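Ready for a short walk around a binding site? Keep the structure open beside you and try each task before reading its solution.

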Amino acid sequence: MHPAIPPELLAAFPKDFVWGVATSAFQIEGAATEDGKGPSIWDHFCRLPGAIADNSHGDVACDHVHRWQQDLDLIASLGVDAYRFSMSWPRVRPTGAGAFNEAGLDFYDKIVDGLLARGIKPYLTLNHWDLPQALQEKGGWAHRDTVFRFVEYAQAVAARLGDRVAAITTHNEPWVMATLGHESGVFAPGLKDRAMAMQVSHHLLLSHGLALQALRAQACKARLGIVLNLSPVGPATDSPADQAAARLEDGRLVRWYMDPLLKGTYPQDVLDHLGADAPQMQADDLRDINTPMDFLGINYYSRAVVSALGSWDNKTSGLALTDMGWEVYPDGLTELLLRMRSDWSMPPLYIMENGAAFRDKVQDGKVHDAARTDYIARHVSAVAQALQQGVGVQGYMVWSLLDNFEWASGYEKRFGIVHVDYATQQRTLKDSALWYRDFLGRQRVRPAAQAPQAAEV
Ligand code: FCB
């Protein structure tokens, strides 16, 4: 049974809407020490006792480096328009400075050409969290020099691939790298220092803006942008304390990134709250961060509910929870998209990640993951509702193509629409993948009359 998306909602998607699937390098590639790849902060972090729930690491992961051709065939079999993937910076430049690694660049060259040969648009992310460990040892993202190493990396990649990739994302989810990596310490590099976390967020944003300027200066043809993890943030109760806490959290999660990128300012309430922990910056930094983007990517999984008392028990909400313990709340995506349009002057938007972890089982060669299919269909409907209200969303990518290394949760959480048996590396299309493939097939044959008409000239 396919979850029904009402025809009037399907009609909201323009014919050139980009449908895709997403992965990231560290989560699927493996081959951690092959062909000259240097260690990343995640290779290092995985070795710290207790850092990863199942004590696993990325040494083999989905063995994508050795199986990329069959994985690209798998992507093509789904009938998607685009594949969003990331490059491993230490595979391309092992120490983050100094010589580039030709073998690493060649690998991504083959991926890009392999995608194009299959009629799939490459959406490349430069930094999906796997900073070269050698740069971390010099201070990592807290150190201003890392900004310039990132710009050099971006320039080298764009010189090599910029003529063939459809889009280049500078960073994936700077909030996660800054806050989970440097404040709560649950992600690499595992540090716990709020002032450092805010400095990291500033350097990530600055390196994004400077990379955009550098790539434009070298006439890079790809569309350029960044990907943020965003959620609507609301109070647990109507109490003034909860409302204030929710407003601050909205400031730290959403406005701290949106305001500098799109307005060239940091939110004053968050600066006031941070006091001495606010980042050090130089005179032109905010102007550089505010460099115009060709697109903004959004990763959406759930909403955030905030209580002044600290944690809030989402089991009390009555909403279904995924295996991550995240609420299934598709309305939040429509809400978020409408808010983006009303609060900022937006470039075109892409949903760069959306999906869910559930406990899947392979039975007779099949995976009946009805809850995941339902999750995806409801979120696709939520995007359609935003489109109907005129929000400029141009694409949607499922997270993830494959089950993979889910960071601090290791391999215990499965987000793929394709199941991976880690003992044999066998890939099995789950029902959700079959649904997505059939859904995309039906979208393609949708009568043109239902698609929004191009403006009359
Ligand atoms: C996002 C990450 C992605 C994946 C999903 C579940 O925060 O960008 O790599 O782990 O969450």
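Below are three exercises on the ligand and the pocket, worked through on a predicted model.

**Exercise 1.** Find which residues surround the ligand, and sort them by class.

Solution. Start by selecting the residues with a heavy atom within 4 Å of the ligand. This gives Gln27, His128, Trp129, Asn172, Glu173, Asn299, Tyr301, Glu353, Trp399, Glu406, Trp407 and Phe415. Next, sort that shell: 5 residues are nonpolar, 4 are polar and 3 are charged.

**Exercise 2.** Look for polar side-chain atoms that contact ligand oxygen atoms, then work out how much of the ligand the protein buries.

Solution. Use 3.5 Å as the cut-off for a pair of N or O atoms. Begin at Gln27, where a side-chain N or O atom is 2.8 Å from an oxygen of the ligand. Move on to His128: one of its polar side-chain atoms also lies 2.8 Å from a ligand oxygen. Then check Trp407, whose side chain places an N or O atom 2.9 Å from an oxygen of the ligand. Finally, turn to area: the ligand alone exposes 290 Å², and the protein buries 94% of that.

**Exercise 3.** Identify the pocket that holds the ligand and describe its lining.

Solution. First, locate the ligand: the space it takes is the largest pocket. That pocket has a volume of about 1,000 Å³. Its lining counts 39 residues, with Trp175, Ser231, Ser302, Arg303 and Trp326 nearest the centre. Now bring in the secondary structure: helix H9 (174-182), helix H11 (240-263) and strand S8 (304-306) each give two or more residues to this lining. To finish, split the lining by class, which yields 19 nonpolar, 12 polar and 8 charged residues.

Notes: Residues are numbered from 1 along each chain as its sequence is written. This is a predicted model: local features need pLDDT of at least 70, side-chain atom pairs count only at pLDDT 80 or more; totals for chains, interfaces and linings use all residues. Side-chain values use heavy atoms; hydrogens and water are left out. A polar contact is a pair of N or O atoms within 3.5 Å; within protein, one must be able to donate a hydrogen and the other to accept it, and residues adjacent in sequence count only if both atoms are side-chain atoms. Accessible areas come from the Shrake-Rupley method with a 1.4 Å probe; for residues, only the protein chains shown count as cover. On a 1 Å grid over the protein atoms alone, a cavity is a set of points where a 1.4 Å probe fits but cannot get out, and a pocket is an open set with protein on both sides within 12 Å along at least five of seven lines; lining residues have an atom within 4 Å of a point. A molecule sits in a cavity or pocket if more than half of its atoms lie within 2 Å of its grid points. Ala, Val, Leu, Ile, Met, Phe, Trp, Tyr, Cys and Pro count as nonpolar, Asp, Glu, Lys and Arg as charged, and the others, Gly among them, as polar. Grid points are joined across faces, edges and corners, and a volume is the space filled by probe spheres set on the points. Helices (H or I, at least four residues) and strands (E, at least two) are DSSP runs, numbered from the N terminus.
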